[in-house]
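Load the model in your viewer and keep the selection prompt open. The stops below are meant to be followed in order.

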Amino acid sequence: MKSPFRATLLFSTSASVLLALGHASSAQTPPPASAGTTTLPSIEVVEPKHTQPPRRPKKPVLTTRREAPPPAAPPPSAAQVLTSTNDKFDTARQSIVAPLGATAHQLNHQAIEAMPQGTDAPLDKVLLQFPGVTQDSAASGEFHVRNEHANVQYRINGIMLPDGVGAFGQILDTGIIGSLALLTGALPAQYGLHTAGVLDIQTKTDAFDNTGKVGVYGGSHGTITPSFEYGGTVGQTQYFVSGRYFQSSVGIENPTSSYNAIHDNTQQEKGFLYLSTVLDPTSRLTYIGGVSNGTYQIPNNPGQTPNFTAFGVSNFDSSQLNERQTESNQFNVVAYQKSFEDIDMQLSYFNRYSQLHFYPDTIGDLVFNGVASDVYRQSFVNGIQEDTAWRVGYAHTLRFGFSVSSERTLVNNYSTVLPLLDPTDPTSGTVDAPFSIFDSNSATGWLIGTYLQDEWRINNQLTLNVGLRFDQMYQFVDANQFSPRANLVWKPFDGTAFHAGYSRNFTPPEQVIATPVNLALVQGTSQQPQVGTNSPVLPERSNVYDVGVDQKIHAIPGLEVGIDAYYKTARDLLDDGQFGAAYVLTGFNYERGENAGVELKAKYANGNFQAYANFAWAKQIASNVVSNQYLFGADELAYIATHDVYTDHAQTWTGSAGASYLWNGTRFSASMIYGSGLRSGFANTDHLPGYTQVNLGVSHDFNIVAPNKPTTIRFDVVNLFDTIYEIRDGSGIGVFAPQYGPRRGFYVGISQKL
C-alpha cells in the first residue's frame, strides 16, 4: 500500500507538469493553510536537465553547387498561337469532306520536291506518278484518270473550282501545293459532277513565318522559268503569294520526231494569293485567288500535202503556217469556316473567268483543211457551296451540304470557207471563192446539287458510309438524278484496311464544249459534214463499283502495298476530241460504255530512302454515238453503231515508279512512266507502240547565306535515254494531228530561301 506522503508527492508532481505545459515554467505557491488541516511541506519539483547525447561525427560529404532550375519555356508567340488555331481549322475542314471509302493517293510538298524537277514540274507531269493516270497530248486533255476523258474535279482546300474553257493551259502551279490527293473509285455523296477523279489540293500551311523563296530554272529548248513565293503573318492574318513566268520553244508537243519543234514558242504567267484571317476562336475567313495567262504558237508539221486552192494559192509550205492561241483564266474563292461544339461547317463563294482565242492562218488553213476558223470561247461562273459535318454521337457523323452555280458562256466561230462545185455533193470539189460565216451562241446555265450522308462506326473495325445525292442541270439540256452512294471500310488488323463501295453518278457535260453549232451555215461549203445529224450533248449517268485493300507489311517496316479493282457501266458516256485545226475540244456521247480496271501500288520508306511503284490494267469500250453525230464520217459512225470500240484515250497498261535518296545533304532522284500506247486508226481499232520514259534529278542545299536559309541547286534530265515515241499519230476518233513525247532535255535550277 502506498503511503499518503508518496501519493501526495505524485499528485503534486503531476499537477506541476500540467501547469508547466499550460504556463511558463515557475515555482508553484500552495494556498494558505486553513484550520483543522495538516500543512504539507512545500515541495518544488525542478525538471531535471536532459543531457544531449554526443553528436556523431559527420562524414565529410562532397557537394557541388546546386544548379539553377531550367528556365521556364517562353510563352508561345502570337504567330505560334495563330498557327495552332489555323491547324485546328485545317483539321476540321478535312473532317467536313472526309473521303471515307474512296481510293486515295497522296503526295505532300516534300515528296514532290524529291522528284526530278521538283516543284518546277508541271502539275500534269506530277499526276502521272499516281496509279491509273495516263499521259496524253495537251490537245487531248494532257492526262486521263482510269481511262476517262476529262471528268476530273479540282478542289482547293475542299472548295470546288468550276470548269474552264482552256485546251492545254494549266491554271494551277505545283509550287502552291502543301499536299495533293487524287480520289478515285466510288466517291461519297459530297462529291458530285465530275467523279472519275477528284484532285484535292491543300495549299501550303507551313509558309507563314515571314519567309519565302526565289529561284530560276531552265535549260533545253530555250526553257526559262523564274519564280518566287513569300508567306507571312500580320496580326490575325496569314498570307502566301507566289508567281511564275515560263518560256519555252516547245510549248505544245512536237508533231514530228525531230529534236526541235517548228513554230512552238510559248510564254506563260501564273500568280496565286492566299489570305486567312481568324475572326474568333471558332471562325475563320479565307480568300484564294489565282490567275494564269498563256500565249502559244501552234507547232507545224512540214511536208503536208495541200488539198484546196484559196486566194489563188494552191501550194503552201506547211512549215510556214502561223496559227496561234491565247488562254486566260482567273478564279476567286471566299470561304467562311465555323467550328462550334460538334459542328464544323464551311460556306464558300467562288467565281471563275476563262477565255480562249484560236487565231488561224487564213490562207494556209484553207489550202490544207478547206476552212480557217477563228474560234473564241468565254465562260464566267459564279457559285456558292456549303458543307457541314455534325458529330451526332461517338458512332455517327452526319454530313450535308449543297452547291449552286450559274455559268454564262459565249462561243463565237468566225470561219472562212470555200463553196462546193455541187452543193449537194461534199465530194464534188470546191471553188476558189472564199467567203466567211459567223456562228455565235451564248447561254446561261445552272447546276444545283445537294447531298446527305451518314458515317456510322459499327464497331472499332467497321465503318459504313451511306448517302444520297441529288443533281439538277439547266443547260442546253435539262436533266436531273437521285444518286445513292455506299462505302464500307473494314480494318480487321493493325495496318490492314479493306474498302468497298458503290456510287451512282450524274455528270453534266461542260457547257462550253456542249454548245450546239448551226449546221445550216456550212451547207454547200467545204465544211459541209457527211452526216447532218446534230443531237444535243447529254449528261452521263453511270454506276461505279470499287473494292480494294491497303496493307502495311510489318515484316518489312516502311513497306505498304495495295490493290484496287473497279467496274463502271455508263449510259450516254461522255467523250470529247479535237475535230479540226483549232486546239479546242467538242463533246459527244456514246449510247453506252463500260470501264474496268485493276491497279497495283507499293511504296517504301527507310530513313533517307524512299521508293514507289504503280501498275494498272484498264479497258474502256463504248458503242453508238448519240450526239453531235456530224463530227464523224458516215462509215465510221455506222461501224461504231454496231460494234464495241475502244475510246481514243483507252490505254491497256500504264505504269510509273520512282525513288529518291538523301546522301550527305545531296538528294538523288529518279522517276519513270510507262504506257502501252493510246488508240489509233479507223474507229480506234489499232493502238500506238508502247514506250518508257526515265527522268533523273540531283539537288543539294548549300549554306551560303545562312544555315537556315539554304541555297538549293538542282540538275535534272528529262527522258534520259532520249526515247522517241508518239503519244498520238493523228488518227483515231477526235484526234487531228500527231504529237510526240518530249526529247531528252537538261535543266538546271537555283533557288534561295529568304
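This tour goes through ring pairs, charges over rings, cavities, two polar side chains, two backbone angles and one loop glycine. Keep in mind throughout that the model is predicted.

**Aromatic pairs**

How many aromatic pairs does the structure hold? The count is 18. Begin by selecting Phe-470 and Phe-482, whose rings form a tilted pair with 4.7 Å from centre to centre and 45 degrees between the planes. Colour the two strands to see how this pair links distant parts of the chain: Phe-470 belongs to β18 (residues 462–474) and Phe-482 to β19 (residues 478–490), with the two positions 12 residues apart in sequence numbering. Switch on a surface at this point. Phe-470 is partly exposed at 22% relative accessible area, whereas Phe-482 is exposed at 56%. The cut-offs explain the two labels, because exposed requires a value over 50% and buried a value under 20%.

Next, select Phe-615 and Trp-653. Is this pair stacked or tilted? The ring centres are 5.4 Å apart and the planes meet at 20 degrees, so the pair is stacked; the limit for that label is an angle under 30 degrees. This pair also links distant parts of the chain, with Phe-615 in β24 (residues 609–625) and Trp-653 in β26 (residues 653–663), 38 residues apart. Both rings are labelled partly exposed: Phe-615 has a relative accessibility of 35%, and Trp-653 has 36%.

For the last stop among the rings, select Phe-579, Phe-588, Tyr-590 and Phe-632 together. Ring pairs link these four residues into a cluster.

**Charges over rings**

Which ring does Arg-324 lie over? Show Tyr-359: Arg-324 is placed over its face, 4.8 Å from the ring centre. Then move to Tyr-646, where the charged end of Arg-679 sits over the ring at 4.0 Å from the centre.

**Cavities**

Hide the side chains and turn to the interior space. Rolling a probe the size of a water molecule over the atoms shows where empty space is left. Over the whole structure, the search gives 12 cavities of 30 Å³ or more. The largest cavity contains about 1,100 Å³ of space. To find its centre, select Pro-122, Asp-124, Lys-125, Phe-246 and Val-250, which are the closest to that centre among the 50 lining residues.

Which elements each supply at least two residues of this lining? Colour α4 (123–127), β9 (223–234), β10 (237–248), β11 (266–280), β27 (666–675) and β30 (691–706). The largest share, four residues, comes from α4. Colouring the lining by residue class gives 21 nonpolar, 19 polar and 10 charged residues.

**Two buried polar side chains**

Select Gln-190, in the loop between β6 (177–184) and β7 (197–203). Is this residue buried or exposed? Gln-190 counts as buried, with 2% relative accessibility. Show the backbone of Val-97 as well: the Gln-190 side chain reaches the backbone oxygen of Val-97 at 3.5 Å.

Now go to Thr-388, located in strand β15 (residues 371–391). Thr-388 is buried too, at 6% relative accessible area. Display Glu-386 and draw the distance to its side chain, with which the side chain of Thr-388 makes a polar contact of 2.4 Å.

**Two positive phi angles**

Select Asn-157, in the loop between β4 (152–156) and β5 (159–161). Its phi is near 50 degrees, which is a positive value in a residue other than glycine. At 2% relative accessibility, Asn-157 is buried.

Compare Glu-341, which lies in the loop between β13 (324–340) and β14 (343–359). Phi of Glu-341 is likewise positive and near 50 degrees, again in a residue other than glycine. Glu-341, however, is exposed, at 76% relative accessibility.

**A loop glycine**

The last selection is Gly-312, in the loop between β12 (283–297) and β13. Gly-312 counts as exposed, with a relative accessibility of 59%. How far apart in space are Gly-312 and Ala-433? Draw the C-alpha to C-alpha line: the distance is 9.3 Å, for two residues that are 121 apart in sequence.

Definitions and conventions. Residues numbered from 1 in each chain as written. Predicted model: local features only at pLDDT ≥ 70, side-chain atom pairs only at ≥ 80, totals over all residues. Heavy atoms only, no water. Phe/Tyr/Trp six-rings, centres within 6.5 Å; stacked < 30°, edge-to-face > 60°. Buried < 20%, exposed > 50% of the residue type's maximum accessible area, 1.4 Å probe, protein only. Lys NZ or Arg CZ within 6 Å of the ring centre and 35° of its normal. 1 Å grid on protein atoms, 1.4 Å probe; cavity = no way out; pocket = protein on both sides within 12 Å on 5 of 7 lines; lining within 4 Å. Points joined across faces, edges and corners; volume = space filled by probe spheres on them. Nonpolar A, V, L, I, M, F, W, Y, C, P; charged D, E, K, R; others polar. Polar contact = N/O pair within 3.5 Å; in protein donor to acceptor, adjacent residues only side chain to side chain.
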